[in-house]
Amino acid sequence: MRKPDSKIVLLGDMNVGKTSLLQRYMERRFPDTVSTVGGAFYLKQWRSYNISIWDTAGREQFHGLGSMYCRGAAAIILTYDVNHRQSLVELEDRFLGLTDTASKDCLFAIVGNKVDLTEEGALAGQEKEECSPNMDAGDRVSPRAPKQVQLEDAVALYKKILKYKMLDEQDVPAAEQMCFETSAKTGYNVDLLFETLFDLVVPMILQQRAERPSHTVDISSHKPPKRTRSGCCA
Ligand SMILES: Nc1nc2c(ncn2[C@@H]2O[C@H](COP(=O)(O)OP(=O)(O)OP(=O)(O)O)[C@@H](O)[C@H]2O)c(=O)[nH]1
Ligand SMILES: [Mg+2]
């Protein structure tokens, strides 16, 4: 197997839907999930590049592994649940520090998942987009609540991250491009999320390749060493 050209990591509190988002994108379905233990990855071929996408465990007991998974990452998806404000707070308090091991020009996306459970999600008719075979009648008539986290809250976090990383807003993609609301259940915005990131990491791969020192040795100007009597090189 060829070494991946780039790495994307999903981080966020337990139960926000990281595994479900990844399975929705890679397997085009919304299966039952079990809480992730440690981490796991998928390999995605995007154009001629191999991109590994790492799913991590949100449970506190696996927290120590987070920075290991982020090592060298080109992009990190910070995921929260739009119906649980605390899951957004945790991104700043608990997960942002784990990203210090990522690549120096790492991109950040902030993703509010489970938007199908909100009033807005229902009004936008998102459930019609890609109905899951697992969806039962109870799901369709479940009462909707207003969102607990607004997109502007995610945009504010994105700007805080830029400050934390000492990045200039002009040098990175705009907050509006990097803050998403998704539903792993219906598929809403899931392709957009992953494919926006893939398109942004490709130029990073090309830049890394251009900067990498060449391992080619020019042998045309190389003179063979003189032979000594003992047969050793002088
Ligand atoms: N309604 C709805 N439920 C979702 C959505 N995404 C995930 N879920 C449900 O939320 C629960 C947790 O989803 P997971 O994908 O396992 O969450 P996780 O972030 O991977 O959790 P950890 O592995 O423990 O960190 C599961 O019951 C999912 O079916 C979504 O977009 N909408
Ligand atoms: Mg998981």
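**Exercise 1. Is Lys-147 buried or exposed, and what does its side chain meet?**

Some ground rules come first. This is a predicted model, in which local features need pLDDT of at least 70 and side-chain atom pairs count only at pLDDT 80 or more, while totals for chains, interfaces and linings use all residues. Residues are numbered from 1 along each chain as its sequence is written, chains are lettered from A and ligands numbered from 1 in the order in which they are written, and side-chain values use heavy atoms, with hydrogens and water left out.

Step 1. Lys-147 has a relative accessible area of 13%, so it is buried (buried is under 20% relative accessible area, exposed over 50%, partly exposed in between, with a 1.4 Å probe and protein chains only).

Step 2. Its side chain meets that of Glu-120 in a salt bridge, 3.8 Å from N to O (a salt bridge is a side-chain nitrogen of Lys or Arg within 4 Å of a carboxyl oxygen of Asp or Glu).

Step 3. Glu-120 sits in helix α4 (residues 119-123) and Lys-147 in the loop between α5 (137-140) and α6, so the bridge ties together parts 27 residues apart in sequence. Helices (H or I, at least four residues) and strands (E, at least two) are DSSP runs, numbered from the N terminus.

Step 4. Glu-120 is partly exposed, with a relative accessible area of 31%.

**Exercise 2. Place two further salt bridges, Asp-13 with Arg-94 and Arg-85 with Asp-153.**

Step 1. Start with the total: a search of the whole structure finds 13 salt bridges.

Step 2. In the Asp-13 and Arg-94 pair, the closest N and O atoms are 2.7 Å apart. This pair links distant parts of the chain, with Asp-13 in the loop between β1 and α1 and Arg-94 in helix α3 (residues 85-95), 81 residues apart. Both Asp-13 and Arg-94 are buried.

Step 3. Arg-85 and Asp-153 bring their closest N and O atoms to 2.7 Å. Arg-85 lies in helix α3 and Asp-153 in helix α6 (residues 151-164), so this pair ties together parts 68 residues apart in sequence.

Step 4. Check the exposure: Arg-85 is partly exposed at 35% relative accessible area, and Asp-153 is partly exposed at 23%.

**Exercise 3. Which protein atoms are donors of the magnesium ion (ligand 2)?**

Step 1. They are OG1 of Thr-19 and OG1 of Thr-36, lying 2.0 Å from the ion. Donors are N, O and S atoms within 2.8 Å of the metal (3.2 Å for Na, K and Ca); water is not among the atoms, so sites may look incomplete.

Step 2. Thr-19 is in helix α1 (residues 18-27) and Thr-36 in the loop between α1 and β2 (39-46), so the pair ties together parts 17 residues apart in sequence.

Step 3. The two side chains also make a polar contact of 2.8 Å (a pair of N or O atoms within 3.5 Å; within protein, one must be able to donate a hydrogen and the other to accept it, and residues adjacent in sequence count only if both atoms are side-chain atoms).

Step 4. Thr-19 and Thr-36 are both buried. UniProt lists both under "binding site", among others including Lys-185; its positions are given in the numbering used here, feature names are shortened, and annotations may be inferred rather than shown by experiment.

**Exercise 4. How many residues of α1 are buried, and what covers them?**

Step 1. Eight of the 10 residues of α1 are buried, among them Lys-18, Leu-21 and Tyr-25.

Step 2. The cover includes β1, β2, β3 (49-56), β4 (75-81), β5 (107-113) and α8.

Step 3. Take Tyr-25, which counts as buried at 3% relative accessibility. Leaving aside neighbours within four places in sequence, Tyr-25 is in contact with residues including Lys-44, Trp-46 and Phe-198 (contact means heavy atoms within 4.5 Å). A polar contact of 2.6 Å joins its side chain to that of Glu-195.

Step 4. Just after α1, Arg-28 takes a positive phi of about 55°.

**Exercise 5. Which side chain of opposite charge is nearest to Lys-7?**

Step 1. Locate Lys-7: it is in strand β1 (residues 6-12).

Step 2. The answer is Asp-55, 13 Å away; Lys-7 is buried yet has no salt bridge. Lys and Arg count as positive and Asp and Glu as negative; His and the chain ends are not counted.

Step 3. Look for another polar partner: the backbone oxygen of Arg-71 lies 2.8 Å from a polar atom of the Lys-7 side chain.
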